[in-house]
Amino acid sequence: MKEQYHTFENDNRKAEVFAVWPNKWLVEAYENGEMSHTEEVANEDAAELYADDWVLKNERTRISN
């Protein structure tokens with residue numbers, strides 16, 4: 001079961017954070033309204049960090065700009 005937890009948006013980028021029970025977290029990344037990629041991470045904090053970095057185009061998580 002996939003449950004949406006958070007949405008991050010900035011300029012032309014958006015990231016949605018989902019809990020996939022029982023113990024997975026998924027980030028769906030969009031650019032210009034099109035899905036760019038998905039990233040599975042270990043926990044909610046990591047998912048939020050990844051989503052935030054994606055929409056702000058930060059390089060901390062080695063996300064391609």
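## Aromatic pairs

A search of the whole structure, which is a predicted model, finds three aromatic pairs. In one of them, Trp21 and Trp25 meet edge-to-face, with 6.2 Å from centre to centre and 70° between the planes. The angle lies over the 60 degrees required for that label, and therefore the pair is classed as edge-to-face rather than tilted. Ring pairs also bring in Tyr5, so that Tyr5, Trp21 and Trp25 are linked into a cluster.

The two tryptophans are covered to unlike degrees. Trp25 has a relative accessible area of 10% and is buried, whereas Trp21 has a relative accessible area of 40% and is partly exposed. Trp21 also takes part in an unusual backbone feature, described with the loops below.

## Charges over rings

Two basic side chains are placed over aromatic rings. Arg13 lies over the face of Trp54, at 3.7 Å from the ring centre. The charged end of Lys14 sits over the ring of Tyr30, and its distance from the centre of that ring is 5.7 Å. Lys14 has a further partner: its side chain is joined to that of Glu16 by a polar contact of 3.2 Å.

## Strand pairing

Strand β2 covers residues 13-20, and β3 covers residues 24-31. The two strands pair in the antiparallel sense over eight bridges, and a hairpin of three residues joins them. Within this pairing, Ala15 stands opposite Ala29 in β3.

On the other pairing of β3, seven bridges join it to strand β4 (residues 34-41), and these strands also run antiparallel. Leu26 stands opposite Glu40 in β4. The hairpin of β3 and β4 has two residues between the strands. Strand β3 is mostly covered, with six of its eight residues buried.

## Nonpolar core

The largest nonpolar core has 13 residues, and those with the most contacts inside it are Phe8, Ala15, Val17, Trp25, Val27, Ala47 and Ala51. The elements that give two or more residues to this core are β2, β3 and α1, the last spanning residues 44-56. Helix α1 supplies the largest share, five residues.

Val27 shows how these elements come together. Beyond the residues up to four places away in sequence, Val27 touches Ala15, Glu16, Val17, His37, Thr38, Glu39, Ala47, Tyr50 and Ala51. Among these contacts, Ala15, Val17, Ala47 and Ala51 are also listed with Val27 as residues with the most contacts inside the core. Trp25, the buried partner in the edge-to-face pair, belongs to that list as well.

## Surroundings of Glu16

Glu16 is found in strand β2. Is this charged residue buried or exposed? Its relative accessibility is 12%, so it counts as buried, given that the limit for burial is under 20%.

Leaving aside residues up to four places away in sequence, Glu16 touches Gln4, His6, Thr7, Leu26, Val27, Glu28 and Tyr30. Of these residues, Tyr30 carries the ring over which the charged end of Lys14 sits, and Lys14 makes the polar contact with the side chain of Glu16. Glu16 and Gln4 are twelve residues apart in sequence, and their C-alpha atoms are 7.1 Å apart in space.

## Backbone features in the loops

The peptide bond from Trp21 to Pro22 is cis, with omega near 20°. Pro22 lies in the loop between β2 and β3. This bond thus involves Trp21, a member of the cluster with Tyr5 and Trp25.

Two residues other than glycine are noted for a positive phi. Asn32, in the loop between β3 and β4, has phi near 55°. Asn32 is exposed, with a relative accessible area of 56%. Lys57 lies in the segment after α1 and has phi near 60°. Lys57 is partly exposed, with a relative accessible area of 39%.

Methods: Residues are numbered from 1 along each chain as its sequence is written. This is a predicted model: local features need pLDDT of at least 70, side-chain atom pairs count only at pLDDT 80 or more; totals for chains, interfaces and linings use all residues. Side-chain values use heavy atoms; hydrogens and water are left out. Helices (H or I, at least four residues) and strands (E, at least two) are DSSP runs, numbered from the N terminus. Buried means under 20% relative accessible area, exposed over 50%, partly exposed in between (1.4 Å probe, protein chains only). A polar contact is a pair of N or O atoms within 3.5 Å; within protein, one must be able to donate a hydrogen and the other to accept it, and residues adjacent in sequence count only if both atoms are side-chain atoms. Contact means heavy atoms within 4.5 Å. A nonpolar core is a set of buried Ala, Val, Leu, Ile, Met, Phe, Trp, Tyr and Cys residues joined through side-chain atoms within 4.5 Å. Rings of Phe, Tyr and Trp (its six-membered ring) pair if their centres lie within 6.5 Å; planes under 30 degrees apart count as stacked, over 60 as edge-to-face and the rest as tilted. A charge sits over a ring if NZ of Lys or CZ of Arg is within 6 Å of the ring centre and within 35 degrees of the ring normal. Two strands pair if DSSP finds at least two bridges between them.
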